Amino acid sequence: MLYFSDLLPYSDLFFSGLMTTVELTILTTFLGIALGTSCATIKQYGHHLAKRLVTTYVELIRNTPFIVQLFFIFFGLPSIGFKLSPWEASVIALTINLGAYSTEIIRAGLNNIGKGQIEAAKVLGLNFRQMLVHVIFIPAFEKIYPALTSQCVIVMLGSAVISQISVEDLTYAANLVQSRNFRAFESYFVTAFLYLGLSVLLRFAFNLLGKRLFAFREAR
Amino acid sequence: MKAITKLLSKALVVAASFSAFQATADVLQDIESRKLIRIAVPQDFPPFGSIGTNLKPQGIDIDMANYIADEMGVKVEIVPVTSANRIPYLQTKKVDLVISSLGKNPEREKAIDFSTPYAPFFLGVFGSSDVNVTKIEDLATQVIGVTRGSVEDLELEKHAPSTSDIRRFEDNNTTLTAYLTGQVDLIATGNLVAAEIAKRQPKRAPISKFMLKDSPCYIGMAEGEVALQAKVNELIKKALASGKLDEISMKWLKAPLPNGFGA
């Protein structure tokens, strides 16, 4: 027998956990993509020393488990005098994680912008800002947009791990409720369903934004 | 077949009369006449009882057993038991006393008798010396770490002020790491765990602030042994007054007895 009604007294907890996950996802998506864009630009057009630095960062993050990165930031850094709250540690860990993965994704997009296209922009007399936005970044993002969307969803789902360092996110709520009423099936079923909803919403938001950003696609 | 039945029934009669005889005997007199006291101790539960590097049992309960025997002026026979069979050992008269980190509960009180408490065993709030907290109301402005779903977590949820920042970690080790790395300056845990941290990380030894749930250890004995019970209680009282209990606590738990212990 299943007793979903046993979860009702904890609906506030689920809701606040859900909101924490949403806030964290929005924040880290923006910060992570900003970081990824900067790093990808450096990797594509930057000075060779800066390139090497970015490559080191990207490979370091892409080849270590997220939970180790998180624990290093939360439990490791205090021993060298750098103490962060669970929330700060999570934002930083998720941002550098998404930053590293999105660097490689966005760089692939930038790689796709031919030299000729940039030269054409220069010949047409576009200024630097116009060229950067309309000739390089928007077409580059258009190419890798689905991959970037997926990576953001993966990071959102991966954020479940931060409940380990006591951030009161959706998974934390599920674990806490499960430890109180032992309704493991019901608690995790509802949580899985909420994560599914969040993923669908996040993809929907990315699609909406994509339609605006890549309006030229319609004209094509 | 008939012979076997006869033999069995004879054996039963003998056994019955034997146990009847045992039940009426005074265990204290037995101990004094044989100049030997048999005491059940744990061997798998440090710091109460474990096997030391010299292959001899050691711990709070062994020290306590030796103290009782010394004071009675008799030799001691240490009988290692497990937590599951310590009460049967007592009921079947294989031992005279059980000193085996035994807690009191109604079911056990029906089966055996208890002395006054001899060692502290409690869930409490522990923290670094610079945090000024003495009662649960003081937690209102504090950050406190605890293992999710543990008894101490439930106790905190029930009694701590709603404004206190309770950080729940996945397991005991993560909670301890949070404390040792300074992410939290207070933790709710058991006094044995706190003693273990004090042993491994003396610099950040958690100091007991107050108790959440007290369940001290008692010495167990067979039911109705009034003389023995009185004698053991007297010896515990003496040890409490002389500082012997405090000494044992300092030795094994790295902390003095909590305030008001045994009162």
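**Exercise 1. Determine whether strand β6 of chain B is enclosed or open, and identify its partner strands.**

Step 1. Six of the six residues of β6 (residues 97-102) of chain B are buried, so this strand is largely enclosed by the rest of the structure. A residue is buried if 20 or more other C-beta atoms lie within 10 Å of its own, exposed if 12 or fewer, and partly exposed in between, with C-beta atoms placed from the backbone. Strands (E, at least two residues) and helices (H or I, at least four) are DSSP runs, numbered from the N terminus.

The model is predicted: local features need pLDDT of at least 70, side-chain atom pairs count only at pLDDT 80 or more, and totals for chains, interfaces and linings use all residues. Residues are numbered from 1 along each chain as its sequence is written, while chains are lettered from A and ligands numbered from 1 in the order in which they are written.

Step 2. Strand β1 (residues 36-42) of chain B runs parallel to β6(B), joined by two bridges; here I39(B) stands opposite L97(B). Two strands pair if DSSP finds at least two bridges between them.

Step 3. Strand β13 (residues 217-221) of chain B is also joined to β6(B) by two bridges, but runs antiparallel. In this pairing V98(B) stands opposite G220(B).

**Exercise 2. Describe the surroundings of Y118(B).**

Step 1. Y118(B) belongs to strand β7 (residues 113-119) of chain B.

Step 2. Y118(B) is buried because 30 other C-beta atoms lie within 10 Å.

Step 3. Apart from neighbours within four places in sequence, Y118(B) is in contact with M64(B), C217(B), Y218(B), I219(B), I236(B) and L245(B). Contact requires that the C-beta atoms, placed from the backbone, lie within 7 Å.

**Exercise 3. State the strand order of the open sheet of three strands in chain B.**

Step 1. The order is β2-β3-β4, with antiparallel pairing.

Step 2. The edge strands, each pairing on one side only, are β2 (44-45) and β4 (57-58) of chain B.

Step 3. Two bridges link β3 (residues 49-51) to β4(B), and S50(B) has Q58(B) as its bridge partner.

**Exercise 4. Characterise the side of chain B that touches chain A.**

Step 1. Eleven residues of chain B are in contact with eleven residues of chain A.

Step 2. The elements giving two or more residues to this side of chain B are β10 (165-169) and α7 (172-180). The largest share, three residues, comes from β10(B).

Step 3. By class, this side has one nonpolar, six polar and four charged residues. Ala, Val, Leu, Ile, Met, Phe, Trp, Tyr, Cys and Pro count as nonpolar, Asp, Glu, Lys and Arg as charged, and the others, Gly among them, as polar.

Technical notes: Two residues are in contact if their C-beta atoms, placed from the backbone, lie within 7 Å.
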